[in-house]
Amino acid sequence: MPTYDAIVVGAGPAGSVAALTLARSGARVALVDRRRFPRDKACGDLIGPRGVRLLSDLGIDIGSDRPLGDMIVIGPTGRRALLPALPGVDYAGHAIVVERQRFDRELRDAAVAAGAEPVHGRVTALRADPSGATGVDLAGGTFLAGAVIIGADGANSRVAAQAGLVDASCALWGFAVRGYVEAEVALPHIVLWEPRPWRLFPGYGWAFPTEGGGVNVGLGLAFGWSDRTTSRQAMERFGDFLTHLTGLGVWRGPGGAPGRAPGGDLAGCLGGWLKMGMVGTVPAAGRVLLAGDAAGMVNPLQGEGIAQAMATGHAAAAAVVAAGPGGAAAHYLRLLRPHARHHRLNAPLHAGMVAHPRAVSLAGRVLTAPGVRGAISGAWGLYWNDLVHGALPSRHRTISALISRGVAVTVARNRATAWFAEQLGETRGIPTRRDSELT
(Lines give C-alpha, C1' and ligand atoms only; values in the text may rest on other atoms or scores of the structure.)
Protein backbone atom coordinates (compact mmCIF):
# COMPACT_ATOMS: atom_id res chain seq x y z
CA MET A 1 0.00 0.00 0.00
CA PRO A 2 1.89 3.11 -1.21
CA THR A 3 1.91 5.92 1.35
CA TYR A 4 2.44 9.55 0.39
CA ASP A 5 2.70 12.88 2.14
CA ALA A 6 0.22 14.21 -0.41
CA ILE A 7 -1.93 12.82 -3.20
CA VAL A 8 -2.67 15.28 -5.99
CA VAL A 9 -5.60 14.22 -8.17
CA GLY A 10 -5.48 15.79 -11.62
CA ALA A 11 -2.35 16.71 -13.59
CA GLY A 12 -3.59 19.90 -15.23
CA PRO A 13 -2.03 23.29 -14.40
CA ALA A 14 -3.37 23.33 -10.80
CA GLY A 15 -2.34 19.79 -9.94
CA SER A 16 1.05 19.89 -11.64
CA VAL A 17 2.04 23.16 -9.94
CA ALA A 18 0.87 21.77 -6.59
CA ALA A 19 2.85 18.56 -7.10
CA LEU A 20 5.90 20.50 -8.30
CA THR A 21 5.84 22.78 -5.26
CA LEU A 22 5.40 19.90 -2.82
CA ALA A 23 8.08 17.76 -4.44
CA ARG A 24 10.56 20.63 -4.32
CA SER A 25 9.88 20.91 -0.57
CA GLY A 26 10.91 17.28 -0.13
CA ALA A 27 7.42 15.79 0.17
CA ARG A 28 6.58 12.40 -1.32
CA VAL A 29 3.82 13.17 -3.81
CA ALA A 30 1.60 11.05 -6.04
CA LEU A 31 0.33 12.91 -9.11
CA VAL A 32 -2.73 10.99 -10.31
CA ASP A 33 -4.52 11.47 -13.61
CA ARG A 34 -6.96 9.26 -15.49
CA ARG A 35 -5.71 10.42 -18.89
CA ARG A 36 -2.44 9.70 -20.61
CA PHE A 37 -0.38 12.67 -21.76
CA PRO A 38 -0.30 14.52 -24.03
CA ARG A 39 -4.03 15.19 -23.98
CA ASP A 40 -6.09 18.15 -25.16
CA LYS A 41 -8.53 20.49 -23.41
CA ALA A 42 -11.16 22.95 -24.60
CA CYS A 43 -9.32 26.19 -23.91
CA GLY A 44 -8.36 29.51 -25.44
CA ASP A 45 -4.66 28.61 -24.95
CA LEU A 46 -3.87 31.98 -23.34
CA ILE A 47 -1.95 32.21 -20.06
CA GLY A 48 -2.72 35.58 -18.50
CA PRO A 49 -0.30 38.11 -16.94
CA ARG A 50 -0.51 36.62 -13.44
CA GLY A 51 0.20 33.18 -14.84
CA VAL A 52 3.20 34.48 -16.78
CA ARG A 53 4.62 35.94 -13.57
CA LEU A 54 4.05 32.75 -11.58
CA LEU A 55 5.78 30.62 -14.23
CA SER A 56 8.77 32.96 -13.96
CA ASP A 57 8.74 32.78 -10.16
CA LEU A 58 8.68 28.98 -10.34
CA GLY A 59 11.58 28.97 -12.81
CA ILE A 60 9.53 27.26 -15.52
CA ASP A 61 10.42 28.31 -19.07
CA ILE A 62 7.58 27.26 -21.36
CA GLY A 63 9.32 28.81 -24.34
CA SER A 64 6.35 30.59 -25.91
CA ASP A 65 7.21 32.72 -28.92
CA ARG A 66 3.83 34.49 -28.92
CA PRO A 67 3.64 37.14 -26.20
CA LEU A 68 0.33 39.00 -26.48
CA GLY A 69 -0.47 42.43 -25.13
CA ASP A 70 -3.51 44.42 -26.17
CA MET A 71 -6.91 42.85 -26.74
CA ILE A 72 -9.81 43.90 -28.96
CA VAL A 73 -13.43 43.68 -27.80
CA ILE A 74 -16.11 43.79 -30.50
CA GLY A 75 -19.49 44.96 -29.28
CA PRO A 76 -22.95 43.92 -30.46
CA THR A 77 -22.97 46.60 -33.18
CA GLY A 78 -19.55 45.64 -34.53
CA ARG A 79 -17.77 48.59 -32.92
CA ARG A 80 -14.34 47.78 -31.53
CA ALA A 81 -12.65 48.78 -28.28
CA LEU A 82 -8.92 48.25 -27.70
CA LEU A 83 -8.14 47.13 -24.15
CA PRO A 84 -4.49 48.04 -23.57
CA ALA A 85 -2.08 45.71 -21.78
CA LEU A 86 -0.89 47.39 -18.60
CA PRO A 87 2.01 46.05 -16.52
CA GLY A 88 1.48 45.49 -12.81
CA VAL A 89 3.45 45.33 -9.60
CA ASP A 90 3.04 41.56 -9.29
CA TYR A 91 2.15 40.45 -12.80
CA ALA A 92 3.56 40.73 -16.31
CA GLY A 93 2.44 43.28 -18.87
CA HIS A 94 1.46 40.60 -21.36
CA ALA A 95 -0.06 37.16 -21.79
CA ILE A 96 1.44 34.25 -23.71
CA VAL A 97 -0.02 31.67 -26.08
CA VAL A 98 0.75 27.99 -25.53
CA GLU A 99 -1.43 25.16 -26.81
CA ARG A 100 -2.83 23.18 -23.90
CA GLN A 101 -1.44 19.84 -25.06
CA ARG A 102 2.10 21.17 -24.81
CA PHE A 103 1.53 23.40 -21.77
CA ASP A 104 -0.01 20.71 -19.58
CA ARG A 105 2.56 18.12 -20.67
CA GLU A 106 5.49 20.40 -19.82
CA LEU A 107 4.07 21.34 -16.42
CA ARG A 108 3.48 17.68 -15.60
CA ASP A 109 6.98 16.77 -16.78
CA ALA A 110 8.40 19.51 -14.53
CA ALA A 111 6.53 18.08 -11.54
CA VAL A 112 7.77 14.57 -12.28
CA ALA A 113 11.33 15.82 -12.76
CA ALA A 114 11.08 17.47 -9.32
CA GLY A 115 10.22 14.12 -7.75
CA ALA A 116 6.43 13.73 -8.00
CA GLU A 117 5.44 10.14 -8.76
CA PRO A 118 3.09 9.88 -11.77
CA VAL A 119 0.15 7.52 -11.31
CA HIS A 120 -2.21 6.65 -14.14
CA GLY A 121 -5.65 5.84 -12.82
CA ARG A 122 -9.19 7.01 -12.19
CA VAL A 123 -10.16 7.93 -8.64
CA THR A 124 -13.36 6.14 -7.64
CA ALA A 125 -13.62 7.04 -3.95
CA LEU A 126 -12.02 8.86 -1.02
CA ARG A 127 -11.36 7.07 2.25
CA ALA A 128 -11.46 8.86 5.58
CA ASP A 129 -11.23 8.35 9.33
CA PRO A 130 -12.25 10.82 12.09
CA SER A 131 -9.12 12.91 11.42
CA GLY A 132 -9.98 13.40 7.74
CA ALA A 133 -9.22 11.84 4.37
CA THR A 134 -6.64 9.06 4.41
CA GLY A 135 -6.35 8.15 0.75
CA VAL A 136 -8.05 7.35 -2.54
CA ASP A 137 -9.26 4.22 -4.27
CA LEU A 138 -8.47 3.83 -7.96
CA ALA A 139 -10.41 1.87 -10.54
CA GLY A 140 -9.03 -1.66 -10.58
CA GLY A 141 -8.68 -1.90 -6.81
CA THR A 142 -5.49 0.06 -6.06
CA PHE A 143 -5.52 2.12 -2.86
CA LEU A 144 -3.16 5.09 -2.37
CA ALA A 145 -2.70 6.27 1.22
CA GLY A 146 -1.87 9.91 1.80
CA ALA A 147 -1.74 12.43 4.63
CA VAL A 148 -3.52 15.10 2.56
CA ILE A 149 -5.41 15.12 -0.74
CA ILE A 150 -5.41 17.99 -3.23
CA GLY A 151 -8.28 17.76 -5.68
CA ALA A 152 -7.33 19.38 -8.98
CA ASP A 153 -9.54 17.20 -11.13
CA GLY A 154 -11.56 19.80 -12.98
CA ALA A 155 -15.02 21.33 -12.89
CA ASN A 156 -16.77 18.02 -12.34
CA SER A 157 -14.37 17.09 -9.57
CA ARG A 158 -14.90 13.66 -8.08
CA VAL A 159 -12.73 14.63 -5.11
CA ALA A 160 -14.96 17.64 -4.36
CA ALA A 161 -18.11 15.55 -4.68
CA GLN A 162 -16.77 12.68 -2.57
CA ALA A 163 -15.65 15.09 0.15
CA GLY A 164 -19.06 16.82 0.21
CA LEU A 165 -17.57 20.21 -0.65
CA VAL A 166 -19.99 21.24 -3.43
CA ASP A 167 -23.34 22.98 -2.90
CA ALA A 168 -25.04 22.40 -6.25
CA SER A 169 -27.72 25.01 -5.56
CA CYS A 170 -25.12 27.81 -5.49
CA ALA A 171 -22.70 26.77 -8.23
CA LEU A 172 -22.28 28.87 -11.38
CA TRP A 173 -21.48 27.02 -14.56
CA GLY A 174 -20.20 27.70 -18.03
CA PHE A 175 -19.65 25.56 -21.12
CA ALA A 176 -17.22 26.33 -23.94
CA VAL A 177 -16.62 24.96 -27.43
CA ARG A 178 -13.26 25.47 -29.10
CA GLY A 179 -11.72 24.71 -32.47
CA TYR A 180 -8.81 25.80 -34.67
CA VAL A 181 -9.04 27.67 -37.95
CA GLU A 182 -6.35 28.03 -40.61
CA ALA A 183 -6.35 31.81 -40.75
CA GLU A 184 -4.52 34.77 -39.21
CA VAL A 185 -5.46 37.25 -36.51
CA ALA A 186 -3.02 39.81 -35.15
CA LEU A 187 -4.51 40.41 -31.68
CA PRO A 188 -6.79 38.43 -29.38
CA HIS A 189 -10.45 39.27 -30.03
CA ILE A 190 -13.39 38.99 -27.66
CA VAL A 191 -16.77 39.16 -29.37
CA LEU A 192 -20.11 40.07 -27.78
CA TRP A 193 -22.55 38.47 -30.20
CA GLU A 194 -26.25 39.00 -30.77
CA PRO A 195 -27.83 36.17 -32.79
CA ARG A 196 -30.93 38.38 -32.72
CA PRO A 197 -30.98 42.16 -32.21
CA TRP A 198 -30.88 43.05 -28.51
CA ARG A 199 -30.68 39.39 -27.48
CA LEU A 200 -27.05 38.89 -26.54
CA PHE A 201 -25.73 35.34 -26.61
CA PRO A 202 -25.34 34.48 -22.89
CA GLY A 203 -21.56 34.45 -22.90
CA TYR A 204 -18.99 35.58 -25.43
CA GLY A 205 -16.88 34.31 -28.30
CA TRP A 206 -13.19 34.60 -28.96
CA ALA A 207 -10.59 34.44 -31.70
CA PHE A 208 -7.02 34.17 -30.41
CA PRO A 209 -3.74 33.72 -32.30
CA THR A 210 -2.07 30.34 -31.82
CA GLU A 211 1.62 29.74 -31.25
CA GLY A 212 2.04 27.72 -34.43
CA GLY A 213 0.02 30.01 -36.69
CA GLY A 214 -3.72 29.90 -37.06
CA VAL A 215 -6.62 30.94 -34.87
CA ASN A 216 -8.07 29.40 -31.73
CA VAL A 217 -11.77 30.19 -31.98
CA GLY A 218 -14.39 29.44 -29.37
CA LEU A 219 -17.81 30.21 -27.98
CA GLY A 220 -18.46 30.26 -24.24
CA LEU A 221 -21.92 29.89 -22.75
CA ALA A 222 -22.75 31.13 -19.23
CA PHE A 223 -25.47 29.79 -16.96
CA GLY A 224 -27.34 31.07 -13.95
CA TRP A 225 -27.45 29.42 -10.54
CA SER A 226 -26.75 25.69 -11.00
CA ASP A 227 -28.58 25.63 -14.37
CA ARG A 228 -26.80 23.45 -16.95
CA THR A 229 -29.71 22.51 -19.19
CA THR A 230 -28.90 24.66 -22.24
CA SER A 231 -25.27 23.68 -22.85
CA ARG A 232 -26.11 22.37 -26.33
CA GLN A 233 -26.56 25.99 -27.49
CA ALA A 234 -22.80 26.48 -27.63
CA MET A 235 -22.35 23.72 -30.20
CA GLU A 236 -25.58 24.42 -32.06
CA ARG A 237 -24.66 28.10 -32.52
CA PHE A 238 -20.98 27.58 -33.22
CA GLY A 239 -21.31 27.56 -37.00
CA ASP A 240 -23.42 30.74 -36.97
CA PHE A 241 -20.84 32.40 -34.76
CA LEU A 242 -18.02 31.53 -37.16
CA THR A 243 -20.02 33.06 -40.00
CA HIS A 244 -20.48 36.17 -37.86
CA LEU A 245 -16.71 36.44 -37.28
CA THR A 246 -16.09 36.21 -41.01
CA GLY A 247 -18.61 38.98 -41.64
CA LEU A 248 -16.81 41.16 -39.10
CA GLY A 249 -13.49 40.63 -40.91
CA VAL A 250 -11.84 39.30 -37.75
CA TRP A 251 -9.39 37.02 -39.52
CA ARG A 252 -7.46 36.91 -42.77
CA GLY A 253 -6.87 33.87 -44.91
CA PRO A 254 -3.52 32.65 -46.30
CA GLY A 255 -1.54 35.38 -47.98
CA GLY A 256 -3.71 38.11 -46.47
CA ALA A 257 -6.84 37.21 -48.42
CA PRO A 258 -10.16 37.85 -46.65
CA GLY A 259 -10.93 35.07 -44.20
CA ARG A 260 -13.78 32.69 -44.91
CA ALA A 261 -16.09 30.89 -42.55
CA PRO A 262 -14.57 27.42 -42.07
CA GLY A 263 -16.62 24.46 -43.11
CA GLY A 264 -15.14 21.02 -42.88
CA ASP A 265 -11.68 22.41 -42.09
CA LEU A 266 -12.51 23.23 -38.47
CA ALA A 267 -10.00 21.15 -36.51
CA GLY A 268 -9.76 20.02 -32.93
CA CYS A 269 -13.32 20.95 -31.96
CA LEU A 270 -13.81 20.23 -28.25
CA GLY A 271 -16.27 21.18 -25.53
CA GLY A 272 -15.77 21.47 -21.80
CA TRP A 273 -17.42 22.56 -18.56
CA LEU A 274 -16.33 25.48 -16.39
CA LYS A 275 -17.25 26.00 -12.75
CA MET A 276 -17.03 29.72 -12.20
CA GLY A 277 -16.83 32.36 -9.52
CA MET A 278 -15.76 30.06 -6.67
CA VAL A 279 -19.23 30.28 -5.13
CA GLY A 280 -20.83 26.96 -4.23
CA THR A 281 -17.60 25.05 -3.64
CA VAL A 282 -15.86 25.00 -0.26
CA PRO A 283 -12.15 25.07 -1.15
CA ALA A 284 -10.92 23.05 1.81
CA ALA A 285 -12.07 20.98 4.76
CA GLY A 286 -10.33 18.41 6.93
CA ARG A 287 -7.43 17.08 4.90
CA VAL A 288 -8.90 17.77 1.46
CA LEU A 289 -7.96 20.91 -0.49
CA LEU A 290 -9.38 21.88 -3.89
CA ALA A 291 -7.53 23.88 -6.53
CA GLY A 292 -8.24 25.29 -9.98
CA ASP A 293 -11.51 24.41 -11.70
CA ALA A 294 -12.31 21.91 -8.92
CA ALA A 295 -12.57 24.88 -6.55
CA GLY A 296 -14.50 27.00 -9.08
CA MET A 297 -11.49 29.30 -9.51
CA VAL A 298 -12.50 30.56 -12.96
CA ASN A 299 -13.00 34.27 -13.61
CA PRO A 300 -16.81 34.70 -13.62
CA LEU A 301 -16.63 37.62 -16.07
CA GLN A 302 -14.53 36.14 -18.85
CA GLY A 303 -13.78 32.50 -18.10
CA GLU A 304 -10.01 32.66 -17.60
CA GLY A 305 -8.82 29.78 -15.47
CA ILE A 306 -5.20 28.79 -16.19
CA ALA A 307 -3.51 31.51 -14.12
CA GLN A 308 -5.98 30.96 -11.28
CA ALA A 309 -5.42 27.21 -11.43
CA MET A 310 -1.66 27.57 -11.10
CA ALA A 311 -1.97 30.16 -8.32
CA THR A 312 -4.32 28.02 -6.24
CA GLY A 313 -2.30 24.87 -6.85
CA HIS A 314 0.76 26.70 -5.58
CA ALA A 315 -1.18 28.08 -2.59
CA ALA A 316 -2.54 24.65 -1.67
CA ALA A 317 0.94 23.16 -1.71
CA ALA A 318 2.33 26.10 0.26
CA ALA A 319 -0.38 25.59 2.89
CA VAL A 320 0.53 21.91 3.29
CA VAL A 321 4.22 22.76 3.64
CA ALA A 322 3.59 25.62 6.09
CA ALA A 323 0.89 24.10 8.30
CA GLY A 324 1.13 20.35 7.82
CA PRO A 325 -1.76 18.05 6.94
CA GLY A 326 -3.83 18.95 9.99
CA GLY A 327 -3.59 22.72 9.58
CA ALA A 328 -3.39 22.96 5.79
CA ALA A 329 -7.11 23.57 5.18
CA ALA A 330 -7.36 26.59 7.51
CA HIS A 331 -4.09 28.02 6.19
CA TYR A 332 -5.20 27.53 2.59
CA LEU A 333 -8.48 29.37 3.20
CA ARG A 334 -6.52 32.33 4.52
CA LEU A 335 -4.30 32.30 1.44
CA LEU A 336 -7.37 32.26 -0.82
CA ARG A 337 -8.97 35.40 0.58
CA PRO A 338 -7.18 37.76 -1.87
CA HIS A 339 -8.25 35.48 -4.74
CA ALA A 340 -11.83 35.42 -3.41
CA ARG A 341 -12.29 39.19 -3.69
CA HIS A 342 -12.92 39.23 -7.43
CA HIS A 343 -15.19 36.18 -7.25
CA ARG A 344 -17.19 37.56 -4.34
CA LEU A 345 -18.02 40.72 -6.27
CA ASN A 346 -18.54 39.26 -9.72
CA ALA A 347 -20.18 35.87 -9.27
CA PRO A 348 -23.53 37.66 -8.76
CA LEU A 349 -22.79 39.84 -11.81
CA HIS A 350 -22.34 36.67 -13.85
CA ALA A 351 -25.77 35.41 -12.78
CA GLY A 352 -27.33 38.82 -13.38
CA MET A 353 -25.94 39.10 -16.89
CA VAL A 354 -27.36 35.71 -17.81
CA ALA A 355 -30.78 36.73 -16.49
CA HIS A 356 -30.85 40.12 -18.27
CA PRO A 357 -29.47 39.77 -21.83
CA ARG A 358 -31.04 43.03 -23.03
CA ALA A 359 -29.27 44.98 -20.30
CA VAL A 360 -25.97 43.35 -21.24
CA SER A 361 -26.58 44.18 -24.91
CA LEU A 362 -27.06 47.81 -23.91
CA ALA A 363 -23.91 47.75 -21.80
CA GLY A 364 -21.93 46.28 -24.70
CA ARG A 365 -23.14 49.06 -26.97
CA VAL A 366 -22.23 51.75 -24.46
CA LEU A 367 -18.80 50.38 -23.61
CA THR A 368 -17.77 50.16 -27.28
CA ALA A 369 -19.30 53.52 -28.28
CA PRO A 370 -17.01 56.31 -29.55
CA GLY A 371 -15.96 58.56 -26.71
CA VAL A 372 -16.72 56.00 -24.04
CA ARG A 373 -14.38 53.22 -25.14
CA GLY A 374 -11.28 55.42 -25.15
CA ALA A 375 -12.05 56.84 -21.73
CA ILE A 376 -12.61 53.56 -19.91
CA SER A 377 -10.89 50.84 -21.95
CA GLY A 378 -7.84 50.64 -19.69
CA ALA A 379 -9.96 50.38 -16.56
CA TRP A 380 -12.26 47.89 -18.30
CA GLY A 381 -9.29 45.67 -19.10
CA LEU A 382 -8.00 45.79 -15.52
CA TYR A 383 -11.35 45.02 -13.96
CA TRP A 384 -12.53 42.40 -16.43
CA ASN A 385 -9.26 40.49 -16.29
CA ASP A 386 -8.97 40.64 -12.47
CA LEU A 387 -5.85 42.82 -12.60
CA VAL A 388 -7.04 45.69 -10.41
CA HIS A 389 -5.20 44.41 -7.36
CA GLY A 390 -1.52 44.90 -8.12
CA ALA A 391 -2.00 47.48 -10.89
CA LEU A 392 0.49 50.33 -11.14
CA PRO A 393 -0.79 53.82 -10.24
CA SER A 394 -2.72 55.36 -13.13
CA ARG A 395 -6.12 56.82 -13.99
CA HIS A 396 -7.06 53.35 -15.22
CA ARG A 397 -6.42 51.91 -11.76
CA THR A 398 -8.40 54.73 -10.13
CA ILE A 399 -11.39 54.17 -12.40
CA SER A 400 -11.27 50.40 -11.97
CA ALA A 401 -11.17 50.82 -8.18
CA LEU A 402 -14.29 52.97 -8.40
CA ILE A 403 -15.94 50.29 -10.51
CA SER A 404 -15.08 47.73 -7.81
CA ARG A 405 -16.74 49.86 -5.15
CA GLY A 406 -19.81 50.40 -7.30
CA VAL A 407 -20.17 46.69 -7.93
CA ALA A 408 -19.71 46.00 -4.22
CA VAL A 409 -22.62 48.29 -3.38
CA THR A 410 -24.78 46.63 -6.03
CA VAL A 411 -24.15 43.08 -4.80
CA ALA A 412 -23.94 43.79 -1.06
CA ARG A 413 -26.86 41.48 -0.24
CA ASN A 414 -27.35 38.38 -2.34
CA ARG A 415 -26.89 34.64 -2.16
CA ALA A 416 -23.30 34.74 -3.42
CA THR A 417 -22.01 37.25 -0.86
CA ALA A 418 -23.92 35.37 1.86
CA TRP A 419 -22.17 32.17 0.80
CA PHE A 420 -18.74 33.82 0.89
CA ALA A 421 -19.46 35.22 4.35
CA GLU A 422 -20.43 31.81 5.67
CA GLN A 423 -17.72 29.72 4.04
CA LEU A 424 -14.70 32.05 3.93
CA GLY A 425 -15.51 34.62 6.60
CA GLU A 426 -15.83 37.29 3.91
CA THR A 427 -18.42 39.48 5.63
CA ARG A 428 -17.80 42.81 3.92
CA GLY A 429 -20.28 43.51 1.16
CA ILE A 430 -18.58 46.88 0.58
CA PRO A 431 -14.79 46.73 0.62
CA THR A 432 -13.03 48.78 3.26
CA ARG A 433 -10.17 51.07 2.37
CA ARG A 434 -7.76 48.25 3.09
CA ASP A 435 -9.68 45.88 0.82
CA SER A 436 -9.60 48.38 -2.04
CA GLU A 437 -5.96 49.38 -1.60
CA LEU A 438 -4.02 48.58 -4.72
CA THR A 439 -0.43 49.12 -3.60
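**Figure 1. An open sheet of four strands in the predicted model.** The strands of this sheet follow the order 1-12-11-10, and their pairing is mixed. Strand 1 (3–4) and strand 10 (123–129) are the edge strands, each of them pairing on one side only. Strand 10 runs antiparallel to strand 11 (residues 132–138), and six bridges join the two. Within this pair of strands, Val123 stands opposite Leu138 of strand 11.

**Figure 2. The salt bridge between Asp137 and Arg127.** The closest N and O atoms of Asp137 and Arg127 are 2.8 Å apart. Asp137 belongs to strand 11 and Arg127 to strand 10, and the two residues are ten residues apart. Asp137 counts as buried, because its relative accessibility is 16% and the limit for buried is under 20%. Arg127 is partly exposed, with a relative accessible area of 38%. Elsewhere in the model, Arg39, Arg100 and Asp104 are joined into one network by salt bridges that share partners.

**Figure 3. The salt bridge between Glu117 and Arg28.** Across the whole model the count of salt bridges comes to eleven. In the pair shown here, Glu117 and Arg28 have their closest N and O atoms 3.6 Å apart. Glu117 is a residue of strand 9 (residues 117–120), whereas Arg28 sits in the loop between helix 1 (13–24) and strand 3 (29–33), so the pair ties together parts that are 89 residues apart in sequence. Glu117 counts as partly exposed at 33% relative accessibility. Arg28 also counts as partly exposed, at 41% relative accessibility.

**Figure 4. The salt bridge between Asp40 and Arg178.** The closest N and O atoms of Asp40 and Arg178 are 3.3 Å apart. Asp40 is found in the loop between strand 3 and strand 4 (46–47), and Arg178 lies in strand 14 (residues 172–181), so this salt bridge ties together parts that are 138 residues apart in sequence. Arg178 counts as buried, with a relative accessibility of 0%.

**Figure 5. Asp386, a buried residue that has no salt bridge.** Asp386 is placed in the loop between helix 9 (372–384) and helix 10 (395–410). Side chains of opposite charge can pair when their charged atoms come close. For Asp386, the nearest side chain of opposite charge is that of Arg50, 4.9 Å away. A salt bridge requires the nitrogen and oxygen atoms to be within 4 Å, and Asp386 has none. Arg50 is nevertheless among the residues in contact with Asp386, once neighbours within four places in sequence are left aside. Asn299 and His342 are the other residues in contact with Asp386 on that basis.

**Figure 6. Cysteines in a model with zero disulfides.** A search of the whole structure finds zero disulfides. For Cys269, the closest cysteine sulfur is in Cys43, and the two sulfurs are 14 Å apart, too far for a bond. A disulfide would need the sulfur atoms to be within 2.5 Å. Cys269 is partly exposed, its relative accessible area being 34%. Cys170, by contrast, counts as buried at 10% relative accessibility.

How values were computed: Residues are numbered from 1 along each chain as its sequence is written. This is a predicted model: local features need pLDDT of at least 70, side-chain atom pairs count only at pLDDT 80 or more; totals for chains, interfaces and linings use all residues. Side-chain values use heavy atoms; hydrogens and water are left out. Buried means under 20% relative accessible area, exposed over 50%, partly exposed in between (1.4 Å probe, protein chains only). Lys and Arg count as positive and Asp and Glu as negative; His and the chain ends are not counted. Contact means heavy atoms within 4.5 Å. Two strands pair if DSSP finds at least two bridges between them.
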